[in-house]
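Trainee: I should like to learn how to read the features of a protein model. May we go through one together?

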Amino acid sequence: MKLGMFYWPCGHHIAAWRHPDGIPNSGSNLPHIIELAQLAERGLFDMFFMADSVSFWRGELDAMTHDSYGTWIEPFTLMGSLAQHTNNLGVVCTATTTYDQPYSLARRFASLDLVSGGRAGWNLVTSGNRAEADSFGLPEHMEKAQRYKRAHEFAHVVRGLWNSWGEGVFIRDQKSGIFFNKNKLRTLDHEGEFFKVRGPLNVPPSPQGEPVMVQAGASDDGRELAAETAEVIFGAQQTFEGAQEFYNDVKHRMLAYGRHPDSLKVMPGLLVCVAETHDEAVKKYDQLQDLIDPVTGLQLLSKRLDYDLSGYPIDGPLPDIPRNKTSSTRVDLFIEIAHRENLTIKDLYRRVAGARGHYEVVGSAVEVVDMMQRWVADGACDGFNIMPPVFPSSLREFVELVIPELQRRGIFRTSYSGTTLRENLGLVRPPWPIKRTNLNE
Ligand SMILES: Cc1cc2nc3c(=O)[nH]c(=O)nc-3n(C[C@H](O)[C@H](O)[C@H](O)COP(=O)(O)O)c2cc1C
């Protein structure tokens, strides 16, 4: 079973920063984040993952005055620091294809891969926060289909640059004076719809060759891009059946790219609130739920649905939420939960305040592991992106209660098997380039 430790300032529950165990300045508290990474490494997690938005979540909404998730250390910079305080843990963070350039991104991640000794991963996103357009002086956020088109070309350029230096290219022979063999240099010379980039990249490969490609899109375009380029895919699945459908679908799509299904690890997000007993875990979760005030709840929903709900009664139903060409699958997911469970606005924000639409499990270690074991054994995923509700206490509880139970059942490692992220994930470096073939031909 593969495990990611999904860092979110203060914890994943929206009220984490107000909980007695919470650290309100978590997002900018480097010693505290280093402690979390070391705790995750003690728990033998595959990776530390941090999401990102390059701008404050704003849009047409009021500032998020009650939400701790507004400011944090830029994740790429943070990963460089965490790499120096850990030895085996993967360091994976988000970078956007909509507001970045492939050459500079390829260069940064290749360098992170070197300074971490081959433990870097890039979570490719197309940006969920449309306020990012304002930070770059653009009139509006690009439509989703265009964003994915750009992401596709972007990923192609990045991997092309990472593959500049073929096997055995560096000779570095002091006697002959030959540094590298130019016949083994693969200079990318790309000209496409969005980018014109000439290689090679001036950063050499790391011990794992190139950073691990991670993705988190769930739409048709997102799944297709993952099938072609991702080695890890995160998700936000609400039910076991939904997770199974997602798993089978992305693994099936990989066949068209000549990829083996095992070369992509599917890791849905999972909020785990665990304690010595079921009742204690429920008590902690309820304590968090009771700390959500209505302003925060409404802001959370407004932000995620990209629709201002501040004028609506919280005990009434969710109004019709308009969808547009920039909307993500998460908007559909929230609306589906509200309709399926017949929820009021207040019920809905309480329902998603912990994990923003990801699956949640609250209980003893045995109950938590029963669920995790079933999902992996029955083909719904290859592991999980663990979302502790409050940092650091919920991560400590996971490491001390859940990890030993997973190990006792023989479904999780008892030591790291490799030094690189790709080795620990049981992946080999993907070929370059990957091409789609029509399976019907
Ligand atoms: C675990 C997880 C982490 C994500 N991290 C980010 C992120 O850091 N930044 C971002 O803009 N979107 C993030 N997303 C959103 C997705 O990358 C994707 O953009 C979103 O789901 C919209 O694409 P879709 O409509 O294809 O699903 C994340 C999603 C998941 C499930």
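Mentor: Let us begin with the shell around the ligand, which by class has 6 nonpolar, 14 polar and 3 charged residues. Ala, Val, Leu, Ile, Met, Phe, Trp, Tyr, Cys and Pro count as nonpolar, Asp, Glu, Lys and Arg as charged, and the others, Gly among them, as polar. Please note that this is a predicted model, in which local features need pLDDT of at least 70 and side-chain atom pairs count only at pLDDT 80 or more, while totals for chains, interfaces and linings use all residues. Residues are numbered from 1 along each chain as its sequence is written.

Trainee: Which residues come nearest to the ligand?

Mentor: A residue is near a molecule if its C-beta atom, placed from the backbone, lies within 6 Å of it. Here 23 residues surround the ligand, and A51, G217, S219, G222 and S328 come nearest. The elements giving two or more residues to this shell are α6 (220-229), β8 (232-235) and α10 (329-340). Such helices (H or I, at least four residues) and strands (E, at least two) are DSSP runs, numbered from the N terminus.

Trainee: Into which domains is the protein chain divided?

Mentor: Domain bounds come from an automatic or database domain assignment. In this chain they give domain 1 (2-135 + 210-278 + 357-425) and domain 2 (293-352). The shell around the ligand draws at least three residues from each of them. Their centres, taken over C-alpha atoms, are separated by 24 Å.

Trainee: How many residues of each domain are in contact?

Mentor: Two residues are in contact if their C-beta atoms, placed from the backbone, lie within 7 Å. By that rule, 15 residues of domain 1 are in contact with 17 residues of domain 2. The touching side of domain 1 divides into 6 nonpolar, 6 polar and 3 charged residues.

Trainee: At what angle do the axes of α1 and α13 cross?

Mentor: Axes are lines fitted to C-alpha atoms, for helices over the stretch in contact, and angles run from 0 to 180 degrees between N-to-C directions. The axes of α1 (residues 30-42) and α13 (residues 393-408) come within 9 Å and cross at roughly 15 degrees. That makes α1 roughly parallel to α13 (angles under 35 degrees count as such, over 145 as roughly antiparallel, 65 to 115 as roughly perpendicular and the rest as oblique). L36, L39, A40 and R42 of α1 meet L395, R396 and V399 of α13.

Trainee: Where is P200 found?

Mentor: P200 lies in the loop between β6 (196-198) and β7 (212-215). The peptide bond from G199 to P200 is cis, with omega near 0 degrees.
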